[in-house]
Number of protein chains: 2
Amino acid sequence: MANSPVPRLKDVAKAANVSLAAASRILRGDRERFGEETCRRVLEASRQLGWRRNLLVNGMQTGRTHTIGVMIPPYDSFWVSVLSGIHDTLAASDYLPITVWIGSLGDMPHFEKEEGDGLRQINRLLDRRVDGLIMWPPFSVAYYHHFPELVERRVPVAVIDHYSTVADSVETDEEQATAVVADHLLGLGHRRIACLSSRETPSQTWAVKRRSSFEEAVRRNGDATVRSWQLNAHGSNGLEVARELLTDKLRPTAVFAVSDHEAAFVRQAAGELGLRVPQDLSIVGFADLDFAATMSPPLTTMRQKPHEIGRLAAKLIMDRIDGIMPDEEPTTIKVAAELIVRKSTAPPRTAD
Amino acid sequence: MANSPVPRLKDVAKAANVSLAAASRILRGDRERFGEETCRRVLEASRQLGWRRNLLVNGMQTGRTHTIGVMIPPYDSFWVSVLSGIHDTLAASDYLPITVWIGSLGDMPHFEKEEGDGLRQINRLLDRRVDGLIMWPPFSVAYYHHFPELVERRVPVAVIDHYSTVADSVETDEEQATAVVADHLLGLGHRRIACLSSRETPSQTWAVKRRSSFEEAVRRNGDATVRSWQLNAHGSNGLEVARELLTDKLRPTAVFAVSDHEAAFVRQAAGELGLRVPQDLSIVGFADLDFAATMSPPLTTMRQKPHEIGRLAAKLIMDRIDGIMPDEEPTTIKVAAELIVRKSTAPPRTAD
DNA sequence: CAACGGTTGTAAACTAGTTTACTCCGGCAG
DNA sequence: CTGCCGGAGTAAACTAGTTTACAACCGTTG
């Protein structure tokens, strides 16, 4: 019956014995101008042949591919949830995300951004004429170089966990979140507190902000000391820095790690040094990644709302596409995080 | 300069002062027939204007979109690795996966497949004229109903962890893997062994096979007893079944769980019942998910090769697309798994 | 002076539809 | 008998190129 692998509108029109234009209009929903019987015949023929709209053609004609490019890291549970929020939100508008990444899983959670690769990936998306881009900026040295190009092509961009003056952004409310952590630790009685930051490269604005907001929040208290360490540019020396931090003359009774990945290093280093958690050392993480609850002891951490972050990023993009938002002025949305108290925090030993 | 948001070939041709056809041929690499100076002008103009090939047009003309649809579950670390293998392999051929899922993260690792949703997602991919499909069949009751349609459209399909007679498939070598687990437990001296299977719905052929292969492997030994339990159709009663299994009159000294998710239930139930792991109870999982190493005690488990599985599935699809494989005869590739011995297995108590 | 090879242009057909402008036909009302 | 309207068809232009056939121009040989 079908001599072509995929049925074309032409085939449907022929089967229903109507013209191509009539079939097109009827299938697009413009049924008022046609007889009931004709509509029925066309719809039936379409169903029978398994005809489906061709979004390639649609994309060429309207300039809308109903596809959003997403550049985020090889996934840990945070990014899986972000992606899930993006996916759900886009699906509601009949959009689909198309996701690319650079680096490899083996290098998680930190990895080198290779400029050439980032550029290749962003171009793969542009070649497919995506209607918008959601990204985590560390992937995109490419991003900075190509922002003017994206603007010229009118491809809206939303960035996640990165402050930007040129694109819409969604980020965790670092001031709120770090204040909660500081309150928790200070409330337990800790007065010598260490902070383990991540890589603080120019693109990792979240790490810088989280660390500095935390320092500020602790210092507002007056009588507590806080000191921060950070990973090297490759993020490859987590365990060493954690050891260094724990053996420092500060002798911290509590450590705030800017993400659960860093908290895991602190936990491991504490174990090696014979420090019991939480009796000798309290640890607070950030993100509530899937492994946080099953660490021993279960990790006290700030639970971000990754699904919500993804949802909002997708909504920003959709609003730009639909022209709901005015052409100018990038928006920044801050999402609150909540403290999940588990077993890795306790008052410091009074003997100390 | 550019009056249109995205530069067209027409603009490049005009800027380089050549005809549209010449620009097209030169940019496609057909440079032999043109002068060096002309080629330089066209390439330069293209670079300057930021022109990029339009894969929508390409797709319409050649019937190849350089895109592969992927339907896999909301990701745990196994599926993230599978996806990574797919991504890397496709990228090498300048293809991109476009991933959809059904169900939600909250229902992991088991969830209802809702037929309507599965169909909607597969159609989203078909609308974009993907060149092939990689999927995990539980997502696709849709798949079974639409296989004839896919065949007619000549869309090659590869399935993962599911035996199929109609599509290519890649799966873990269950016989090899379960024999290794059986040898490990029997070698330690266990003689009363329980097996906790997953949901054993018709689409979960891997669970059925893994459980039955394990039973067979144990029974080959002669003097050991094995008994199996399984989750309900929704996969919602893992903890209850684990409790039931541990309090059964069999009094198992070891449990093999068909995935780490189920192993986690066994661990939790053991804790509740005051059984120490591994002194009172040995547990073996399957998959080596990211949380396996940080469980307490760290879980002995079979490490699958998800990246390799993804790579092979992508390669099967690419071979079908490139016409390398003959038109008939679906292939099945089996991938070996390796035992990772951690702290959750030990010899049974001799007192017992 | 004509033929020739190397370069480049022109025009048309093609991918799968969408959309607009017009036309055509039959039946009914005035 | 004419006008009008609903229901349909026809043709063409348009999306962004790709590809083929053919023509045209140039300077250089024979």
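Tutor: Two residues are in contact if their C-beta atoms, placed from the backbone, lie within 7 Å. This is a predicted model, where local features need pLDDT of at least 70 and side-chain atom pairs count only at pLDDT 80 or more, while totals for chains, interfaces and linings use all residues. Residues are numbered from 1 along each chain as its sequence is written, and chains are lettered from A and ligands numbered from 1 in the order in which they are written.

Student: OK, how many residues does each chain put into the contact?

Tutor: Count both sides separately. Chain B gives 38 residues, and chain A gives 39 residues.

Student: And which element gives the most to the side of chain B that touches chain A?

Tutor: Helices (H or I, at least four residues) and strands (E, at least two) are DSSP runs, numbered from the N terminus. Elements of chain B giving two or more residues to that side include α5 (77–92), β2 (96–100) and α6 (115–127). The top contributor, with five residues, is α4(B).

Student: Switching to DNA strand D, which residues come nearest?

Tutor: A residue is near a strand or molecule if its C-beta atom, placed from the backbone, lies within 6 Å of it. There are 21 residues around DNA strand D. The nearest are Ala22(A), Gly35(A), Arg8(B), Leu9(B) and Ser24(B).

Student: Which element supplies the largest share of the surface near DNA strand D?

Tutor: Helices α2 (20–27) and α4 (55–62) of chain A, and α2 (20–27) and α4 (55–62) of chain B, each supply at least two residues. The largest share is four residues, and it comes from α2(B).

Student: Are α1(A) and α3(A) parallel, perpendicular or oblique to each other?

Tutor: Axes are lines fitted to C-alpha atoms, for helices over the stretch in contact, and angles run from 0 to 180 degrees between N-to-C directions. In chain A, the axes of α1 (residues 9–16) and α3 (residues 36–49) come within 8 Å and cross at roughly 125°. Angles under 35 degrees count as roughly parallel, over 145 as roughly antiparallel, 65 to 115 as roughly perpendicular and the rest as oblique. So α1(A) and α3(A) are oblique.

Student: Last one: is Arg219(A) buried, exposed or partly exposed?

Tutor: Arg219(A) sits in helix α9 (residues 205–219) of chain A. Buried means 20 or more other C-beta atoms within 10 Å of the residue's own, exposed means 12 or fewer, and partly exposed is in between, with C-beta atoms placed from the backbone. Arg219(A) has 13 other C-beta atoms within 10 Å, so it is partly exposed.
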